[in-house]
Each structure stands twice: as C-alpha cells, then as structure tokens.
2 protein chains.
Amino acid sequence: MSKPTKIVLDESRIPRNWYNVLADLPSPPPPPLHPGTLQPVGPDDLAPLFPMPLIEQEVSTERFIPIPEEVLDVYRLWRPTPLIRARRLERALGTPARIYYKYEGTSPAGSHKPNTAVPQAFYNAQQGIRRLTTETGAGQWGSALSFACAQYGLDCEVWMVRASYDQKPYRKLLMQVWGATVHASPSPVTEAGRKVLADDPDSPGSLGIAISEAVEVAAQHEDTRYALGSVLNHVLLHQTVIGEEALEQLAAVGETPDLIVGCTGGGSNFGGLAFPFLREKLVGRMNPEIRAVEPAACPSFTKGVYAYDYGDTAGLTPLMKMHTLGHDFVPDPIHAGGLRYHGMSPLLSHMYELGLFTAVARTQTECFEAGVRFARAEGIVPAPEPTHALAETIAEALRCKETGEEKVIVTALCGHGHFDLAAYDRYLSGAMEDFELPQERIEAALAHLPKV
Amino acid sequence: MSKPTKIVLDESRIPRNWYNVLADLPSPPPPPLHPGTLQPVGPDDLAPLFPMPLIEQEVSTERFIPIPEEVLDVYRLWRPTPLIRARRLERALGTPARIYYKYEGTSPAGSHKPNTAVPQAFYNAQQGIRRLTTETGAGQWGSALSFACAQYGLDCEVWMVRASYDQKPYRKLLMQVWGATVHASPSPVTEAGRKVLADDPDSPGSLGIAISEAVEVAAQHEDTRYALGSVLNHVLLHQTVIGEEALEQLAAVGETPDLIVGCTGGGSNFGGLAFPFLREKLVGRMNPEIRAVEPAACPSFTKGVYAYDYGDTAGLTPLMKMHTLGHDFVPDPIHAGGLRYHGMSPLLSHMYELGLFTAVARTQTECFEAGVRFARAEGIVPAPEPTHALAETIAEALRCKETGEEKVIVTALCGHGHFDLAAYDRYLSGAMEDFELPQERIEAALAHLPKV
C-alpha cells in the first residue's frame, strides 16, 4: 500500500501557534454589546469573568498567537491527533471519494474540548486565579475543564444541568475522578439557583440557569473566574490546532481537499478544523468547499436570523450579533446535546454572512444511521454531534459514487460516543424519534429578539 | 526538551510477525489433557471449536509467525499504539525513576483485546466459518470480538453473564452497535442455559455457565466456531505486538528497561508486553526484571498451586497445568472483572516455574488510589485491571525516590476505564471494600482439584 491509512505526526509537529482568522477577514465581526448600555463591551466589563490574556485574545487581530510552552506540555499527552483515511468506509460505500477524518477522541476527556480547556486553565493559573467555574449540559465541556484544572492545580466547580446530572452519572463521575466539584443545577449554593428552586423545587434545570450560577460565583470571588467551552473568539482560536495539524497531515500524503465538513453547535469544532483551510483558500493555495452541518432540530444557520441576541435564556449576557433562533427557543431533546444551542459563534456568523462557507441541516435518525455505519466500518463509535458531519460526508461520498468524482473529503470526528450509548440503543431498537420544527415555532421565538 | 513525551510510530512500523516465546523456552509447557481420557489433547479434539490455523499456532514452535496482510489492514486503524513517558506523574511523585506506559486504550474497543480478536475473526472467516460465539463477563472481550467480526462480515453471538448484562448496559450496547447478538447468560437458547434456568430462573449467571453456552452452540453447528480472549497460547502470541512495538519505541529514545510491570488475570496483556522483552533478556541484550501483578482477592501465582485443573467451573474443558486456586474457587466481587479468574495461562505458569519472572499481589483500594493518582497527573482514566500494574509502578517509583535510583520502568496500560466509572465512584465516596482471603478458603477450593 503506497499511502498510509493513519497519518500520525511526531509530537515535535504540534503547532507552535494558534491561527487567528480575524487577521484575514475583510471586515471584523460586529462587537458584543453591554445588555444595559447597548455600548460595545470593553475589557473592563469582562475582567471579572476572564483573565486578561484571554480577553486580549478575544479581540486580537494578530494572525498567529504563540502557544505557551506549559500548554504544549499538556497537549503532548495526546496531540497531534491522527488523521485517518476511512478506507474501510470507502470500500463499504463503494465510493471513489477519498475520505479523511481528524479524530479528536484520543484526548483524555474524549473530545476536542481540552484544546481550549487547557490554555484557559493555564492562563488563569498564570494570573494567580485559584478556581474556575463553568456550566455543563451532557458533560463534555465540564469533563474537559476538570481535566485541564487538574493539570495546573486549579480547583474546578461545575454546575451540571440537573436532568443530565441524574441521567448521565458517568460524565459526572469522570469530572470527580479528575478532582472537580460537581453541583446539580439549579443548586442551593447560588442566588440564581435558590431563586429557581423556590419556584420549582423539582426543576430539571437548563444550560441558561447553570450559566447564571457559574457566572454568579465567578463574579463574586476575587480568586475565581469563569470558563466557556464554545462560541467566543478565543475558544475557536485555541481549536485551530485541529486544522493546522490536518493541513500538515494531508500535505504529507500529497492530498488537496475538495470539501471540509464539520458539525456546528456553538461552532468551536467546526471553526477549529475549517479556519486554517480557509486561510489557505484565501491566499489561493487550495480551493475546498467548506460546509457546516447543523441539526434539523436546531438550525440556527439555515433557519435562524442574523441579529443581536442574548447568549443565555435569561438575557444576562452581552448581546452578540449572531445567527439565532431566539434566546428563548428551546430545541427538542435530540441526543446531540452539544448542538442544542439557540445561537452560533458571532465570528462564524459573520463569516457565514461573508459567504465564506455553506451550511446544511440533518435529521437525528439519518445521523445515527451514519454513526452506526461508520462504527461498523472504522471501529470508532462516534459521539452524536459528529454523526452530523458523518451523515453529510457519507451522502457526499454516495453522490461521488454516481458521478465518479474522486473528491477528497476531510471531516472532523470531534469525539467518541462512549458516554452516549443509550442514544445508540434508542436508534437500534427503533425508538428514536425525529422532530418536526414548524416555522411558526421559530417565528414565535424570533418575536422576542431584543430591540437593538 | 530533548526526548519526546509520547513516542509514536508510523503505521509502517506495525510488527510483521508475532513472537512465539515457545521457541525460546528450555522446555515446553506440559500438554493439556482430555478431561475424559486424560490423554494429551490433539488437533482433532479442538477442531470443532477452533479453525486449523489457530490450532497450529497453539502448538507451533516457530519463533516468528507472520501476521496476515488482512489483519495488518485492521491493526492499522489504531496500531502502533503510543508509548508515553509519564513525566507529569514522575513530577507529582518526585521520583528520579523514568516511567513509560504502553497505552492500548486507543483501540476501538478500548483495550488490548482486539489484538487477538482481529486475527481470530480473520482466520475463521478465511476458513469459511460464518459465525463466532463467545462468553463475556464485564464485556471487554465480547466488545473486542464484536468489533473484529464486523470487520470480516462474521456474525457474532455473545453470552454475557446475566449480572453484568443487567448492571453494565453500556458494554452490551457497544457490542450491539457493532452488530453482535448479545444473550443474557444463562439463556433459554442452549441446553446448558435451560438446565440452569430450570433450577434457578433468577440465576445471576457466571463465566463458567456462559462458556458452556458459547461452546455448546459452536460445537453443534458446522459454520460456527468459538473464540477465547485469554489463557491460550495463540492468544498470548497475538498480543506480542504490544511488546514488539514497545521495544522499538524504547530504542528510539535510547532507553533500556530495568523493570517491566503488567497485571495478570488470564495473562494475555502481561504476556503480550513481557515476551519480547524476555527474548531480549535471554539473548543478553538487556536485563530487566519482569513482574506480574495480580489482585490480592484472586492470587493464583502468589497463593495458588501449580497443578492440572479445569479451565471452567463445571469441569468440561481440557485439564491444563497451571497456577490455580481451584476451579470452584469464586473470587470476591472486585471491580477488576478481567482479573477474576481462578487459573492462569498454562504458558505463563510454566514460565513462572522456570523463574523467568516474579509476581506480587495488590489490594483493590491501593489499586484505585493509584488509578486516581494516575488520572489526575496523566489525564487517562485507567480500567480497573491495569490499576494493579500502576499501583506496583508507583510503589517502585517511590522506592526509587528513597534510593535515588533512576530506574526505567515500563508498564502496560491495557485499557481505559470509560465503562468502569461506577467503580471509581465507590472508591471516591469511601464505599470501596477490600476483601480478606483466608488461607482456609483457598485450601477448601484446592481440595477439589481433579486427580491426574
């Protein structure tokens, strides 16, 4: 066999810089606005929540930002991640397309999230912060931050949505193994939590409530900051190690991609893979189509509007201009919890408006069908989120089978599904539902957009 | 940093041969005996259960056995596995020892078991077999075989001990994602199962019963064979890819090991790492101590006897000369299910008698303490089985801290603990018990050894 199946890089090839796509855009994204004054948010507004190095990264226009040695030292535990040619899947599909997947499930937390959790924990520790707070839904982000905090001796406090806390004990246990304190949210330890519990002692919680609790504790303590796992510019920045490595790996086998495919919830996995390829496209070194895949149950790109909206349900965060279904839109309970967000990264939203990539939506059952097909051919059982990218990849590969095109497709397999097997059970037993999303429901939520 | 933390090899470096330690032993192990005639078991006795290429490997004295191209093609999905220098653990312990771990958790099934499941499935498919049967306790082996069967288009039927089937649904679901049929054992589909159910409709099952069911179905059908995940020579043979890769990885960083440490249940993980190092030791190229670590609750090497005994509880298998606690010894319910076996690989037992390696026992709580310590330093949450090797490794590293020795320790991290977090929960909550194993209990079981 002339070309390898699995393209691995020596750890000396971990990128030394994150790539900041802001440097190469024709115009910057509109600024976030203070929810009270409606003025652009400044560094001072963010200082109670984030350490200054991260605030600087949030607004930087430097093209490359050096990765600190102390962060590389932890990245080395699992990076570079493999880029794998899906030969067995190609054979099963009978496609002339060549499919490559960048597998981020080799990280200790099992997803791409540690790529940003590690530097976030590092910068906070460097600034003398002793504790980080955050929220988590199904637990991917909470476990990544727990792992990262353990590496720098930080305490980690996670508010986990009550429904997940009760139904998904394994991810909670994973956080505890790494030493984190995990609260079911709403919790009695915050004002925000107590308020909800007073109204409804049996509240199942929500990401919006959990954010309020984590932010409240961070804002009240000098030695505590808050950490966010997606949406913001600095989060997408840290994830660009994915795309930088993939570029080098494709070059090593002499391939030029025709299509880049990633799933989008808050946007960090997609941005992390796509931005370095977009840079190469902008300077004319390659010309791949770049395609985002979102759930049909939460289609912010394909059915939402581009408008200023809140990041949380309660309307406490800054207003961000983004593709949104409305901050009080509650997505149906699809199993891809990481994609159940009413909004989208403002940076990606701006780039979508500039026409730099396309977007499509996929239903839950077609995604799990793709996940099972992938698992049986390639072995890895994917998390529900990246099955969206796999469904699109497989559909494209089957189109190539008809046309005979030898398209080179690169997709992001951002995590494994070891903690999501109950969802596969529903699919295999025929009990998985697809949700209708009537246009009126979106319109009702959009009617509540803030007036800016 | 001059030397890498993570030593990865290109897939062209996957070993092309398995190493057969039988070629280098001063004497062969005593043969297995037919349970009826007490005569040595011949190929014809095994033919209803195993395909001829595996029977040949079981008795071969060839030093190197070529790995078929079709097996390498699947190994490539995750092999070579990384050898990782545990720098962060060393720092946390303050030891001058240099600790390396060979991590097998990157396989799709999350352990070293696919190293033998894949060739077993391949040889069966090559011989025209259509279906494999097997038993599984906690599910590590069953999931590895399910994955392997999916790669060669074989049906896979797994009898999973009822207690695990009910308590550990995730591993069952993993097998189903790969297309396997999973029966709770005792099951109504076999004679053996129906017999147990007639006596006790609520039987929690046992590995012994599950083996009987899987063997019964294999023996009754021309197109069906049985597969075993440990103990036998051909299984240990296939696992030597672990040690061969580790040898090359250590050479790449100029290290010579002083100590090799692995956990032992049936022996396949330990043998897989240790055999290639033993070969190098026998020819004088290095001189590492080789140490097996077993659970204090199931100490076949350190408290058992070396005698002919049955492989199963019911006494249906051939008699094997091995270290045993007696075939009706029932180990206490430690969480390291993969180490709860009354016997030991006959090959390893023979080698232990020859003085080729040493053995120690560790209690459950000291193992989990080591597992948590490792997870917080290195990120990876280990399966309960390899925490035994980690407990010994950490103890040795702390001894080095006292003596100042810069010992090079190599240990086998044979799988991740993503499906074992309930056990970590028990440890972290202080509810984990250690079991006393009174000498009388061992003696009672040994009194039932077959008379040979």
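**Why these labels? Loops, helix pairs and domains of chain A**

Author: A:Val231 lies in the loop between strand 9 (224-226) and helix 11 (233-239) of chain A. Keep in mind that this is a predicted model.

Reader: What makes A:Val231 worth a remark, as far as phi goes?

Author: Its sign. Most residues other than glycine have a negative phi. A:Val231 isn't a glycine, yet its phi is positive, at about 70 degrees.

Reader: And what kind of peptide bond joins A:Arg79 and A:Pro80?

Author: A cis one, with omega at about -10 degrees. Most peptide bonds are trans. A:Pro80 sits in the loop between helix 3 (69-75) and strand 4 (83-85) of chain A. There's also a cis bond between A:Ser185 and A:Pro186, where omega is about 10 degrees. A:Pro186 is in the loop between strand 8 (181-185) and helix 9 (191-199) of chain A.

Reader: On to helices. At what angle do helix 5 and helix 6 of chain A pack?

Author: Helix 5 (residues 114-126) and helix 6 (residues 140-152) of chain A pack at about 40 degrees, with axes 8 Å apart. Roughly parallel would need an angle under 35 degrees, and roughly perpendicular starts at 65. The value falls in neither class, so helix 5 of chain A is oblique to helix 6 of chain A. The crossing is right-handed.

Reader: How do you know which residue types make up the contact of helix 5 with helix 6 of chain A?

Author: Sort the residues by type. Helix 5 of chain A brings, among others, A:Val118, A:Ala121 and A:Phe122, while helix 6 of chain A brings residues including A:Trp141, A:Leu145 and A:Tyr152. The contact divides into 13 nonpolar, 2 polar and no charged residues. A:Thr116 and A:Gln120 are part of this contact, and Thr and Gln count as polar.

Reader: Why is the pair of helix 12 and helix 13 of chain A given the class it has?

Author: Same reasoning, new numbers. Helix 12 (residues 241-252) and helix 13 (residues 268-282) of chain A pack at about 60 degrees, with their axes 6 Å apart. That's over 35 but short of 65, which makes helix 12 of chain A oblique to helix 13 of chain A. This crossing is right-handed as well. Helix 12 of chain A puts in residues including A:Glu244 and A:Leu247, and helix 13 of chain A residues including A:Phe277, A:Arg279 and A:Glu280. The split is 7 nonpolar, 2 polar and 3 charged.

Reader: What makes helix 2 and helix 5 of chain A oblique or antiparallel?

Author: The axes of helix 2 (residues 52-59) and helix 5 of chain A come within 8 Å and cross at roughly 130 degrees. Roughly antiparallel asks for over 145, and roughly perpendicular stops at 115. The two are therefore oblique to each other. A:Pro53, A:Leu54 and A:Gln57 of helix 2 of chain A touch A:Gln120, A:Tyr123, A:Asn124 and A:Gln126 of helix 5 of chain A. That contact has 3 nonpolar, 4 polar and no charged residues.

Reader: How is chain A divided into domains?

Author: The domain assignment gives domain 1 (6-14 + 66-110 + 234-446) and domain 2 (114-228). Their C-alpha centres lie 25 Å apart.

Reader: How many residues of domain 1 and domain 2 of chain A are in contact?

Author: 24 residues of domain 1 against 21 of domain 2, where contact means heavy atoms within 4.5 Å. Separately, the unreviewed UniProt entry places "domain: Tryptophan synthase beta chain-like PALP" at residues 77-415 of chain A. That stretch is 45% helix and 19% strand, and its end C-alpha atoms are 16 Å apart.

Key
Residues numbered from 1 in each chain as written. Chains lettered and ligands numbered in written order. Predicted model: local features only at pLDDT ≥ 70, side-chain atom pairs only at ≥ 80, totals over all residues. Heavy atoms only, no water. UniProt positions renumbered as here; feature names shortened; annotations may be inferred. Helix = DSSP H or I, 4+ residues; strand = E, 2+ residues; numbered from the N terminus. Axes fitted to C-alpha atoms, helices over the stretch in contact; angles between N-to-C directions. Left-handed = near helix turned anticlockwise from the far one by under 90°. Domains from an automatic or database assignment.
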